[in-house]
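This briefing introduces a structure to a reader who has not met it before. It begins with one chain and then turns to the contact between chains.

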Number of protein chains: 2
Amino acid sequence: MGRMGNQTIEFLSKPKIIGNYSIVGEKEGNGNLKDYFDYVLKNDTFGEKTYENCERKMIEHAILNALDKSGLRTADLDLLVCGDLLNQIISSSFAAREFDVTFLGLYGACSTMAEAIAVGATFVDNKYFNNVACATGSHFSTVERQYRFPLELGNQRPPVSQWTVTGAGCTVIGEGNSNISICNATFGKVTDYGINDVNNMGAAMAPAAMRTLITHFEDTNTTPDDYDLILTGDLGKLGSEILLDLMEHNGYKLKDNYNDCGQMIFNNNQKTYQGGSGCGCSAVVLNSYVLKKMKEGKYKRVLFGATGALLSTLSSQQGNTIPGICHAVEIRGE
Amino acid sequence: MGRMGNQTIEFLSKPKIIGNYSIVGEKEGNGNLKDYFDYVLKNDTFGEKTYENCERKMIEHAILNALDKSGLRTADLDLLVCGDLLNQIISSSFAAREFDVTFLGLYGACSTMAEAIAVGATFVDNKYFNNVACATGSHFSTVERQYRFPLELGNQRPPVSQWTVTGAGCTVIGEGNSNISICNATFGKVTDYGINDVNNMGAAMAPAAMRTLITHFEDTNTTPDDYDLILTGDLGKLGSEILLDLMEHNGYKLKDNYNDCGQMIFNNNQKTYQGGSGCGCSAVVLNSYVLKKMKEGKYKRVLFGATGALLSTLSSQQGNTIPGICHAVEIRGE
């Protein structure tokens, strides 16, 4: 009961996605998916004094509005599952403080959106909790100054780099009127192919995505052709090409039904090189375009595998390579 | 089914603790609980070049030996639930890399041991997974240099401070021969009474502990007298006194059956001021003395509420106060 293969759990009660919301920065609001976001910021501070406060406020805003779209009041929310990229996930913890809600903090780097949905659906599936909000977000400027260089330095970005998405997304799982449900989740293993270039996250995460996707297909006895959309996030262009190669080497040919959140979000004129990244990237792509198209019936069966690079500035300074992880959830429309 | 009150979930299948292990540093090995730890390090590096690698290796060692004590091989492990205090929980992620195991990363600061057990028991209770390892750890020297000052500075520690425990603990939850089971879990809310002294963690976390304990008693329709041991971790001496005051103001008089992991671990001659702290503190106290006494039948009903301070150096530098959280699990012996 509830178990499928080695790493996959099945949600027999089919917990429903009863609300979702996305908020993005100005640059993201000019990208490919501009018509799908719920809210686009006019600047990168959202009226706050620091970028970190802006990140926190975006997450709060996403949670509050996703609840509203679910027809729930804050008091109806049983659990908030949330994480982010900042040290000690301060954006999530401080957002949770505003809601007076039971809080479960996660860390999965950019895999957080899928990890949170997998954990959230687990609590709803067994009727531990009725309504669970799963949220995450990121901000270009908080990540740049935490992981890389002060913005003021104006350093050059290498061609293999990705652009951290400014944005936050929230998915509410519960029992309401909805034609979209979470079927199963495949939790990932930490995977390290020895990449140590902190600018090349796509290459660091692609092997983890490969392992989780293949495990998912094996555990659920499916093939890539069974899905209307197989979505990784956020490998970017180079990472996606590496994933396609790795999958083909293992006998899986991903076709037109494959895409990557990092590839999708920005257009070619936006100079993001390999595309988007950050917890917010897959969060806002899922909670805008993808779920909209699922509601409309364009996609009926989606495999959403968010990927995370498990490094810190210290781990890299001390000479460690960059392990990756990918958690995947299967989402179905009716 | 499965739900008790507002914030508490009941594990109807009573998942069992089938193995546990604790490893500590030299100082902890000279403290009050010296006879109960499974392994005491002879120095603070464990043969590694960095303190961070030592922390990672302690977590690995705890997981490996907890599995061994559970009669499990690594291949039998379905899920590792783990987190720590370092930025981006690198100790946990890098430990998970060594095991080729499905990994769920958490962040709950020093509440991680209880948070991990609560999440781990959830997966076992609904038979999603059979065997789940829940682990965390901390290291005095990694935490000092990340949160406070370089050790080389030799700065003075204020009298309200606590001493970060060097150690790691692992609890394996599954279906085996054991007289100890997890009955329920009360997830906490982020609570902030406006403390901004980064040296006074006990005061920052005590209000969160109060809220979770009171909620737990209400949700489960119990009183403090129903428990053989009510254990917080890691409020320290001052934080515990604040908790006792706060509880009394709310009509709950905690008596001799109350203790705190931070208070218990060091003796008065060890100059730790308010006692121990860090993810490792409650992890090693639970996985040594407490579970040993439960196996022996001294304690039959234990409420374990681990507390975390949800700050980062940046959040404090930017003028934020320090929110706390407390997650609690009820553990029963037969």
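In chain A, 77% of the contacts with a separation of 6 or more join residues 24 or more positions apart. The model is predicted. The points below describe the build of chain A and its interface with chain B.

**Chain A**

- Ten helices and 15 strands are found in chain A.
- The radius of gyration of chain A is 18 Å, close to the 20 Å given by the globule rule for 334 residues, so chain A is as compact as a globular protein of that length.
- Along the principal axes, a box of roughly 50 × 50 × 35 Å holds the C-alpha atoms of chain A.
- Of its 334 residues, 67% count as buried.

**Extent of the interface**

- Chain A and chain B each bring 59 residues to the contact.
- About 4,900 Å² is buried between chain B and chain A, and carbon and sulfur atoms give 57% of this area.

**Polar and charged pairs**

- Eight salt bridges are found across the interface of chain B and chain A.
- A salt bridge joins the side chains of Lys189(A) and Asp100(B), with an N to O distance of 3.6 Å.
- Between chain B and chain A, 26 residue pairs are in polar contact, both residues being at pLDDT 80 or more.

**The side of chain B that touches chain A**

- Several elements of chain B each supply at least two residues of this side, among them helix 3 (90–97), helix 4 (112–125) and strand 15 (324–333).
- The residues of this side comprise 26 nonpolar, 20 polar and 13 charged.

Terms used
Residues are numbered from 1 along each chain as its sequence is written. Chains are lettered from A and ligands numbered from 1 in the order in which they are written. This is a predicted model: local features need pLDDT of at least 70, side-chain atom pairs count only at pLDDT 80 or more; totals for chains, interfaces and linings use all residues. Side-chain values use heavy atoms; hydrogens and water are left out. Contact means heavy atoms within 4.5 Å. Buried area is the accessible area (1.4 Å probe) that two parts lose on being put together, summed over both. A salt bridge is a side-chain nitrogen of Lys or Arg within 4 Å of a carboxyl oxygen of Asp or Glu. A polar contact is a pair of N or O atoms within 3.5 Å; within protein, one must be able to donate a hydrogen and the other to accept it, and residues adjacent in sequence count only if both atoms are side-chain atoms. Helices (H or I, at least four residues) and strands (E, at least two) are DSSP runs, numbered from the N terminus. Ala, Val, Leu, Ile, Met, Phe, Trp, Tyr, Cys and Pro count as nonpolar, Asp, Glu, Lys and Arg as charged, and the others, Gly among them, as polar. The radius of gyration is taken over C-alpha atoms; the globule rule is 2.2 Å times the number of residues to the power 0.38. Buried means under 20% relative accessible area, exposed over 50%, partly exposed in between (1.4 Å probe, protein chains only).
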